[in-house]
Amino acid sequence: KPSHPALLDWLAVEFMDNDWSIKHMHRLIMTSSTYQQSSSVSEQHELRDPENKWLSRMPMRRMDAEMLRDSLITLAGVRWDKQFGPGDLAVSREDGLITTLPVNNDVWRRSVYVLHRRTLMPTLLTSFDRPRMSPNCIERTESTVAPQALHLLNNKQVNLWAGQFARQIIQEAGNAREEQIRLSYLKALSRQPDDQELQLTLEYMEKISDAAEQETPPEEIHLQVLSNVCHALINSAAFIYID
């Protein structure tokens with residue numbers, strides 16, 4: 001049974017009184033203080049609402065498969081917002097993974113426009129629990145398994161998007177490393193790095209730069225170093241989970 005029947009009754013009446021406007025309901029819910037709460041758990045939460053039955057905090061949740069892919073192409077600056085038309089094709093690569101093809105000069109449309117075929121479902125989406133193609137799939141599963149982390153870490157397409165993300169940062173922040181880090185955190189995690197994160201990332205970037213071959217052009221070193229940082233950010237729990 002619903003945990004908050006009175007709230008559901010009130011929302012139903014509010015929906016009818018506002019001409020059945022879904023946009024009004026979205027605005028009402030998403031601007032409410034309850035929806036905008038943090039997911040951090042305090043001692044008071046543990047004591048008075050351990051199971052979050054009374055909505056004392058936002059439940060932490062992982063991005064679903066489509067949201068994750070859309071976020072990656074958005075960070076990389078390669079999302080194309082063209083609507084409608086035929087679905088975007090997916091192909092099987094030599095390594096057995098299935099990936100979507102870029103359209104219109106190496107840009108990708110959102111995951112809702114990917115053509116759905118049982119035999120050709122993009123590996124990124126299937127790894128992160130996109131709904132099965134079977135007719136009686138009434139609920140999508142949510143798993144936390146090793147292939148998810150390995151896919152984000154090792155997949156060539158994800159690495160490509162991380163590099164394109166780094167290029168976006170360089171275009172906006174130049175080669176000043178501290179500014180690059182701050183902008184990367186802001187775009188990927190919607191927050192600034194704390195002092196410890198900033199210092200550790202700066203030290204990490206110095207180590208990568210020192211290990212680069214001397215013949216490598218400085219511009220390429222800057223891109224390689226920042227690509228590693230961007231790749232680490234999109235592999236972090238802070239990126240994958242919505243707090």
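Me: Are Arg-62 and Asp-129 buried or exposed in this model?
Reply: Both residues are buried. Keep in mind that the model is predicted.

Me: What makes Arg-62 and Asp-129 a salt bridge?
Reply: Their closest N and O atoms are 2.9 Å apart, and the cut-off is within 4 Å, so the pair qualifies. The two partners come from distant parts of the chain, 67 residues apart: Arg-62 sits in strand 1 (residues 61–62), while Asp-129 sits in the loop between helix 5 (123–127) and helix 6 (146–154).

Me: Why is Arg-69 called buried?
Reply: Happy to show you! Arg-69 has a relative accessible area of 2%, and buried means under 20%, so the label fits.

Me: And why does Asp-70 count as buried?
Reply: Its relative accessibility is 13%. That value also falls under 20%, so Asp-70 is buried.

Me: How do you know that Arg-177 and Glu-206 form a salt bridge?
Reply: Their side chains meet at 3.0 Å, N to O, which is within 4 Å, so the rule is met. Arg-177 belongs to helix 8 (residues 177–189) and Glu-206 to helix 9 (residues 195–211), so the bridge ties together parts 29 residues apart in sequence.

Me: Why is Glu-206 called partly exposed?
Reply: Glu-206 has 41% relative accessibility. Buried needs under 20% and exposed needs over 50%, so a value in between is partly exposed. Its partner Arg-177, at 17%, counts as buried.

Me: How many salt bridges does the rule give?
Reply: The count comes to nine.

Note on methods. Residues are numbered from 1 along each chain as its sequence is written. This is a predicted model: local features need pLDDT of at least 70, side-chain atom pairs count only at pLDDT 80 or more; totals for chains, interfaces and linings use all residues. Side-chain values use heavy atoms; hydrogens and water are left out. Helices (H or I, at least four residues) and strands (E, at least two) are DSSP runs, numbered from the N terminus. Buried means under 20% relative accessible area, exposed over 50%, partly exposed in between (1.4 Å probe, protein chains only).
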